[in-house]
Amino acid sequence: MIVAVYIGIIMLMRVVQSVLNKRTSRMIPRNSIAYLKYTAYYQSVAGALAGMLLLISVLRGATIESFGMTLLYASVSGIALGINCILGKYLLNLTTIALVSIFGTAGLLIPSIASIFLFGEKMMWYQWIALVVFMVGAYLIIGNSKKVYKKFTVKTLLLLLLNFTMNGLTMLIQKIFGMRVPEGNTSMFSFITFAVGGIISCVGLCVFALLSARAAKKQASTQTEHVAQAMAENTQAENTEQTTTENAQDECAQEATAEVAASENAPCENTPKENTQVSGNFRFIVPDKQEQKLPSLLYLFGVALAVAVFLINQLATLSTPLISSVILFTLINGGATVISALVGVIVYKEKLSVKGIIGLVLGIGSLILMQI
């Protein structure tokens, strides 16, 4: 009964997560600094929630056992989760929410298969067939993505596969912790997981902020040189024109003034044009500090997302010793696939072709078959 309650809450949080992920992906400036700021922010909030729950449990008399093993497993989980969070947001700008969800859900293959060898769990023959059907459905969804966005490339596929691996590793570590460290404190596991994920985001943020600051300094130096060169050329032109008549000097002075004004304005006009050319692409180096800022509303969305992510991670970890991996992770991740697809179609008006609909039906059917 308690597992059903946990899964019900997780599914509700999946709705919140799907809506917020797509909504914020449209609000966050398309550059590394903005993404890392937002990711570090909501992971820190999620970590704070886990820390508060941990503190409450300690104040109520709970003891901290197996700290070393908890630290080890949670650190690996945090690394995978941190990479997956950043990658997931980037992928939402490259392809459909349904496709990202399919590959993320496919990560359940990792703990499901690994649990056969690690914990002696069994998978029936029809569950293996369901896995094959699921991959066929994912392939059809990819075909739909090509029609919708027309930007599906090898790079996108590789990033989706990385997303699949990181998501699967996160679930596998949750399973291992639940089975191998039954006396471990789940709140501590969640706290360390989000702390490590936040640290990864902050390190990346510092690296790209430093590179962007250097690029801005170089850009400013180049603009200064251009202005100085333009002024020098116009000064030379004025001196040459002074050998002519007074009327000619007046005319040349007017021309030189116009040329100086145009030269001084040229660097400022060129910079926005360069930025406009790349504004549609994800940028790793961002010299303009204005482009690095987050809209104020994102901080509110970040709190809501942190609550959802924290509850999903906490309750999924608590459920791992109580139910087999293939059933648990197909329920909470397979359900997320259905929810994400529905959110994409209903809320954000994403379109599914006939091939995409068939693929989604096969994916859902295979996930249901796994539960029998």
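This section describes the fold, helix packing and selected residues of a predicted model.

The secondary structure of the chain consists of 12 helices and 0 strands. Read along the sequence, the pattern is therefore written with helices throughout, as α-α-α-α-α-α-α-α-α-α-α-α. The chain has 372 residues, of which 48% count as buried. Among contacts between residues with a separation of 6 or more, 89% join residues that are 24 or more positions apart.

Two helix pairs illustrate the packing. The first pair is formed by helix α1, which spans residues 2–27, and helix α10, which spans residues 296–319. The axes of α1 and α10 come within 9 Å and cross at roughly 150 degrees. The crossing of α1 past α10 is left-handed. In the contact of α1 with α10, 19 residues are nonpolar, 4 are polar and 2 are charged.

The second pair is formed by helix α5, residues 109–119, and helix α7, residues 154–180. Here the axes are 8 Å apart, and the packing angle is about 35 degrees. The crossing of α5 past α7 is right-handed. On the α5 side, the contact is made by Leu109, Ile110, Pro111, Ala114, Ser115, Leu118 and Phe119. On the α7 side, the residues in the contact include Phe164, Thr165, Gly168, Leu169, Met171 and Leu172. Lys175, Ile176, Met179 and Arg180 of α7 also take part in the contact. By class, the contact of α5 with α7 has 12 nonpolar, 3 polar and 2 charged residues.

Within α5, the buried residues include Leu109, Pro111, Ala114, Ser115 and Phe119, and these residues are also listed in the contact with α7. Ser112 of α5 is buried as well. After α5 comes Gly120, which has a positive phi near 70 degrees.

Two loop residues with polar side chains were examined in terms of their surroundings. Gln292 is located in the loop between α9, residues 246–278, and α10. Gln292 counts as buried because its relative accessible area is 13%, and the cut-off for buried is under 20%. A polar atom of the Gln292 side chain lies 2.7 Å from the backbone oxygen of Val286. With neighbours within four places in sequence left aside, Gln292 is in contact with Ile33, Ala34, Lys37, Ser212, Val286 and Pro287. Val286 thus appears both in the backbone oxygen pair and in the list of residues in contact with Gln292.

Asn185 is located in the loop between α7 and α8, the latter spanning residues 186–241. With a relative accessible area of 12%, Asn185 is also buried. The side chain of Asn185 has a polar atom 2.9 Å from the backbone nitrogen of Ser187. A polar atom of the Asn185 side chain also lies 3.1 Å from the backbone nitrogen of Met188. Not counting residues up to four places away in sequence, Asn185 touches Leu54, Ser57, Ile64, Thr70 and Phe177.

Two further residues show how positions separated in sequence are placed in space. Ile327 belongs to helix α11, residues 325–347. Ile327 counts as partly exposed because its relative accessibility is 26%. Ile327 and Leu108 are 219 residues apart in sequence, and the distance between their C-alpha atoms is 9.7 Å. Ser353 lies in the loop between α11 and α12, the latter spanning residues 354–370. Ser353 counts as buried because its relative accessibility is 18%. In sequence, Ser353 is 213 residues from Leu140, and in space the C-alpha atoms of Ser353 and Leu140 are 9.8 Å apart.

Cysteine pairing was also considered. A search of the whole structure gives 0 disulfides. Cys202 is in no disulfide, and the nearest cysteine sulfur to it, that of Cys206, is 6.6 Å away. Cys206 is likewise in no disulfide, with the sulfur of Cys202 as the nearest cysteine sulfur. A disulfide requires cysteine sulfur atoms within 2.5 Å, so a pair at 6.6 Å does not count as one. Cys202 is partly exposed, with a relative accessible area of 35%. Cys206 is exposed, with a relative accessible area of 54%.

Terms used: Residues are numbered from 1 along each chain as its sequence is written. This is a predicted model: local features need pLDDT of at least 70, side-chain atom pairs count only at pLDDT 80 or more; totals for chains, interfaces and linings use all residues. Side-chain values use heavy atoms; hydrogens and water are left out. Axes are lines fitted to C-alpha atoms, for helices over the stretch in contact, and angles run from 0 to 180 degrees between N-to-C directions. Helices (H or I, at least four residues) and strands (E, at least two) are DSSP runs, numbered from the N terminus. A crossing is left-handed if the near helix is turned anticlockwise from the far one by less than a right angle, and right-handed if clockwise. Ala, Val, Leu, Ile, Met, Phe, Trp, Tyr, Cys and Pro count as nonpolar, Asp, Glu, Lys and Arg as charged, and the others, Gly among them, as polar. Buried means under 20% relative accessible area, exposed over 50%, partly exposed in between (1.4 Å probe, protein chains only). A polar contact is a pair of N or O atoms within 3.5 Å; within protein, one must be able to donate a hydrogen and the other to accept it, and residues adjacent in sequence count only if both atoms are side-chain atoms. Contact means heavy atoms within 4.5 Å.
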